Structures are given as structure tokens and as C-alpha cells.
Amino acid sequence: MSMEPLWGLLQGAKRLSPRPSQTIYKHVEGTQQGCPEEEEEDGEEVAGPPVHFCPMELRGSEPLGSQAGRQNLGLWAAAGRRGAPYLVLIALLIFTGAFLLGYVAFRGSCQACGNDVLVVNEDENYEPGPDSHQSTLYWSDLQAMFLRHLGEGSLESTIRQTSLRERVAGSAAMAALAQDIRAALSRQKLDHVWTDTHYVGLQFPDPAHPNTLHWVDEAGRPAEQLPLEDPEVYCPYSATGNATVASAQDFGAEGVLIYPDPADFSQDPHKPGLSGDRAVYGHVHLGTGDPYTPGFPSFNQTQFPPVQSSGLPSIPAQPISADIASLLLRKIEGPVAPQEWQGRLPGSPYRLGPGPGLLLGVNNYKTSTPISNIFGCIEGRSEPDHYVVIGAQRDAWGPGAAKSAVGTAILLELVRTFSSMVSNGFRPRRSLLFISWDGGDFGSVGSTEWLEGYLSLLHLKAVVYVSLDNAVLGDDKFHAKTSPLLISLVENILKQVDSPNHSGQTLYEQAMFNNHSWDTEVIQPLPMDSSAYSFTAFAGVPAIEFSFVEDGQAYPFLHTKDDTYENLHKVLRGRLPAVAQAVAQLAGQLLIRLSHDHLLPLDFGRYGDVVLRHIGSLNEFSGDLKARGLTLQWVYSARGDYIRAAEKLRKEIYSSEGSDERLTRMYNVRIMRAFTQGQSLTFDLIALSAQVEFYFLSQYVSPADSPFRHILLGRGDHTLGALLDHVRLLRSSGSGSPGAAPSGVMPGLGFQESRFRRQLALLTWTLQGAANALSGDVWNIDNNF
């Protein structure tokens, strides 16, 4: 509503009053009992009416004319005295009504307006704490407060100091660092600080029996030993024993040698590069968490029967340097490898074999090792049992500057910053949970074990996870690996953060500079080696990990002993402090939005687009399936039900009244099985947003057998990706006849109708279950089968 009607009313009253001079009232202390004293000023407008009204004489200059004129003036004055309070009251009522109407209308469209005007604190029941300096904090207030306190820290110093400390998981030095981290959290204004310890199976090299690599002579006996430059470099979770490494035979290998190829790194002579005699450390478990207690927490291993993850390799693996790899490749004969298999090792032909025999001996040993995750919490004022979680890996093999020192430093800096904000009146709506993870270098062991231990609790209460791992690997480009639910929020925050290396541009403008579609440039799927992956694919919690990277090339020192503060600083050409600060700003503003927005800013409608895009890839195979009497109609119907349910719910959310008790109960039943009735509608809608990710976890497979149950982001036969890969076998089989094996695939691995039907059922009913969960009551569900 515009201000024009109100302004016209005031102007009309002004025209009715014969005002020869302007009278101003001011409060006078003394015997007047609060009545104002008048002063005359000719020609200066008054800012507003007096607050209080007292009997008084209205004086002005004597007008020209008769006594009647003076009487008329007196009548006008008397009317003015009687009508002024009513006129002001009417004006205030009109103004208040206009403001409220405008506010309600604006809030209805505020979901699309982003940060333009975002009232962060809009809880009508909010009561500021005793140490609060202000009762209402808006987005701009919190943003300014956060940036001010963040600027008081020293990220660079913490990164350097952390990278100098030994912190291999399970070591005495790591235990000392864990104590220091907990002490640092305890010094801040946090509500809770605690440690969670797990006893996990980790694998280490045996100093008394180091791993070896030998040539094998024509008689099959070990010959000359090849040097493994660093006996401490190994592959955790490799199978142990001896294996003769030869060319792949019957689609299986006897062992694996892993080396860093120059093709994976920058060839810029002005940038530091990895030495040819450096091997790369890395675990080989195709999964996350303790592989000896898959699907279960490792609080006490003796309670569980001996079992191991299906992702553990059955053959030995060992890292070697590029120099040793070049020596081996020059000995291999046979046809030249496909172009996509070739790297850039100088003088290496990259052939397929055969070649000379090798004997690999791996003697790593497994031991039960205590690891400790450290937690600090700022409780939310309105929804303390909804957690916004942010974490960083603390351990590292080697210096680990980029691997974990940067993330640990940013985590500590964010704890200090938010603690300072709490001291200055800030209190998040939801709880902020800061976590320092242990065992990350062994496959996100600390984070996964925590999820496994508290899964029943966390899928109802953890609303989002933000990972700080691998945050600074360069400064050319910004990538966000994220759940689709967070894409819209990421876009919004990128517009608020300045680029660290493009002056005058935001991160959003930097991404858009050469691309019309910012998300094509920025958004990537969650990788399995990130702690964020387990949160989404295993626990059904939306998660994000973001990184600054070099343009087109990987950071060369990751997982090596050269991952030092000095090398990271050189790769970034001295810009490490600026880039780390940008990451801290991005993470902090994400936390503010996630912990303080009245409605959790998760866009569950995004999954409709994702489902459409992925299932659309199946369309080209409809004819092949029809020829076999098969159809994809089930999954198409489930897709349609989900999209319709998501759109219907979106409209309900933005048109509903929070005071509607019946609707609140409906959302309670609809969103969380364990909710009690009577909670606020906002509380329920927040829960709904968090639950959407959980709905995509297949309820028809075992978490122990298929821990990554997410049908779009997980791993296993139940996923949409696995179904698509299977259907593609129809095209690679040549004749396309039932049971025919595709070219180059072992017998029995071709398209299988029984497997297809099972995959289709798993995918369809998980997707339909998500649609049903969004639909509401059972009488609102319409399964179009």
C-alpha cells in the first residue's frame, strides 16, 4: 500500500487550517506539569506532532480584517484543539494498517527475494537475554556483526601452527592436539563442549616388515628390488600378503600400484610441482567409516561378530612414485593404450602389455585404535533440538596443510567469531554444532562412526551439515559439492561474498563471468571421500562441501609429505590468507542463514528437477525395453507423483497460517513420526525441509549391506545410476537378444531381466514413498499405477 492516500489526507487538513505562522511546542521542566511551552517560528516545518496534548492557548499574529475574522480564527483554533488528537490518531492508524498490509504482502514474495530484505529474527515470542543489547537482529545486522568479529582473528597463524604438529590418527601427538582443541572450545562462550570416542580398526605399515616390490625373473623367483622411496607411504586397508603383479587377466588383477601422473597436475613452470620421487598416500576402502564394523558404530568392537565391509579390496595395493612408474611402463609391451588411459610421463609409451613380472609384498597390520571427535555447541533459543552442524577433519598423514590444517583453523575461527557474537546479543534460532573430526584420512571414519552411533536421533534433528575439508586447494575457481536442497541458498550467499582474487566482483559474478549458468560452473556432486557424503548418502541429511581450486588442475601436494604451509602458500602466490578468509565468510553466512532464518532455507522443489533430469536419461531405452516386454511406466508415475506433491506442499507452506492448530497437527503427522502435537507450524516446516533428504534413502535395502541408501546420490543396485548403467547394457550387447553378454564383458554380466525388475521396484517405491510422505494424509495420496 502506498503512502499517497495518507499524504493526501494530511495535506487536506493542512489546507483547511488558516495558518499565518507556525507554532512549535517543546516540553518545559518546572511547574507546568508536563505541558509544553510554545515558541513561534515563521517558515520552518515541524517534523511531527507533539507526543502529549495539554490545554493551552494557540497564539499567532493578528490577522487583517474584522472582529468576525478573529472569531472565525478562534473557531478554527478551537476545532483544531478538539480535532488534532483525532486527526493524529487516524493518521497513525492508517499508517500502521498500511505498514502491516505491506509487510504481509512482501513476506508472501520474500521467498524469492533472497537477501534483499530478510528479517532474520521474526519470532514474535523472542525475548532478548540479559546480556542482549538489542531486541531484534536483521540480516544486515548479523552480517555486519559477523564480519566485524571475524576480522579480529588470525587464520594464517593457526594454519601454520596446525600444519607443524604431528596428528596421525591414534598417535600420542594427536591425543595432545585433541586436548588443545577441546581446551580452545572450552574457553569460548559455548553451552556444551564434549568428546566422543570410538575404537576403530585402522591399518598401519609395519616398520619391522616394510612393504616391498621386486622384479621377477624368468623362473618366477624374486630378483632385484625396486626402491620404494618412503616406507611410511602406504595404502590403508590394502589386502596383505604377496602377489605377482602382471597384466590384467580374466578381468581381475593380482595387485595394484598407484602413482601420481603428471597429467593430473599443472605443468606451469612458474608454479611448484610434485617431485618425481614422491608417492601419494591414500586409503583404498571403497566406502567410509570403520570397514570392520560396517553399518554399526565402533563404540566397542567386541560386541559385534567379525565382519568387514564389502568395499575392502581383496588384492594388495601400494603407492609408488612417478619415477618408478615410468621405469615400469617402459618395460611393458603390446598395443598402445586408449588415449584416455595415457598420461604424461616422459618416455613412457603407455602400452597394455604383456610385461615383466613383479612381486609385491604388503605387510600392513590392523589395530584397534581410539579416535576422538570433539564437539562444541551454541544452543538455539527457539529450536535447540534442531542442529546445524559444521565440521572439519583434524588428523593428517604428513603436514596436511591443505588437507586438514586449513579446515581446522577456519573451524576454530568460526567458533571464536560466533562466541563473540553471542557475547554481543546474538542467539541463533537453531543450535550450532561445531565438530573436529578424527580419522578422516582413513575414509571419514570419525564422522561416519558418529552418524552410525546416533543415526536414529540425527535424522530427526540434524538439519544440514557443512564441511570445511579441502576448502583451499587453489584460488582460481570456486566449487560447491552439495545436495540439491542447498543450491538456491548457495547461489544467494555467493552474491554476498567478495571474490578473493577478482577485485570488485562477488563470487557469484566471478562464476558468471564466462558462463551464463552459474550452477554449471559451480555445483558438483558430493564425493565419497568427503565427510559430507556420509551425511547425505547414509544419514539423509543435506550437506555441502566447498573448495577453491586451481583452474583445471589438482593441488599437487594433497596426500603427500609436501602438503606443507609453505607449498600451499606458494601455490596460492601469497593469497592463502585472503582465500581462507573468503571461505570463513562463506561458511559463516551459511551458518547464519541456516541457524537463524524463520523458515529453513532448503529448496525441496529442486529434487523435482533432479528427478526429471535423471529419469529423462532412461527415455532413449524405452524401445529396447518394450521389445522385451518391459516398461518404465512405474518409475514415470512415481516421478510425477513426487513433483505434484512437492509443488502442492510448497503452495501450502506459503499460504498457510501458523496459528491453524489443525493444520499444525497435520504437518506433525506428515513430517516427523516422533513429533508431539502442539508445536508451531514453523517448527514443523523446518522439520519437513530436513526430512526431504531422508525420504530418498531406500527403506527396502539393509543399511549394513548398502549403507549409502540414497537413490540419487548413493551407491548400490538400488540407485538410479545403477539402473541406468544396467539398461545401457541393452545397447552394448550387439544383437540385443536376452541374455547376450555385451562385448568385452564377462559372461553373466550382461543385461538381466530379473535384476532389472528388482532395481526398478527399489527405485520406484523409494521415489513413491517420498511422494507419499510429502502428500500428507493417506486420503490425499494418489498412486497413479
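Contact is taken here to mean heavy atoms within 4.5 Å. In the predicted model, this criterion was applied to the packing of helix α5, which spans residues 155–163, against helices α16 and α8.

Helix α16, which covers residues 576–596, packs with α5 at an angle of about 105 degrees, and the two axes lie 9 Å apart. Because angles of 65 to 115 degrees count as roughly perpendicular, α5 and α16 are assigned to that class. On the α5 side, the contact is formed by Leu155, Glu156 and Ile159, which meet Leu576, Pro577, Ala580, Gln581 and Ala584 of α16. Sorted by class, the residues of this contact comprise 6 nonpolar, 1 polar and 1 charged.

The axis of α5 also comes within 8 Å of the axis of helix α8 (residues 401–423), and the two cross at roughly 135 degrees, so that α5 and α8 are oblique to each other. The crossing in which α5 passes α8 is right-handed. Here Leu155, Thr158, Ile159, Thr162 and Ser163 of α5 meet a set of α8 residues consisting of Ala401, Ala405, Val406, Thr408, Ala409, Ile410, Leu412 and Glu413. The contact of α5 with α8 contains 8 nonpolar, 4 polar and 1 charged residues.

Apart from the helix packing, strand β11, which runs over residues 383–393, includes Glu383. The relative accessibility of Glu383 is 2%, and this residue therefore counts as buried, the cut-off being under 20% relative accessible area. A polar contact of 2.7 Å links the side chain of Glu383 with that of Arg429.

Notes
Residues numbered from 1 in each chain as written. Predicted model: local features only at pLDDT ≥ 70, side-chain atom pairs only at ≥ 80, totals over all residues. Heavy atoms only, no water. Axes fitted to C-alpha atoms, helices over the stretch in contact; angles between N-to-C directions. Helix = DSSP H or I, 4+ residues; strand = E, 2+ residues; numbered from the N terminus. Parallel < 35°, antiparallel > 145°, perpendicular 65-115°, else oblique. Left-handed = near helix turned anticlockwise from the far one by under 90°. Nonpolar A, V, L, I, M, F, W, Y, C, P; charged D, E, K, R; others polar. Buried < 20%, exposed > 50% of the residue type's maximum accessible area, 1.4 Å probe, protein only. Polar contact = N/O pair within 3.5 Å; in protein donor to acceptor, adjacent residues only side chain to side chain.
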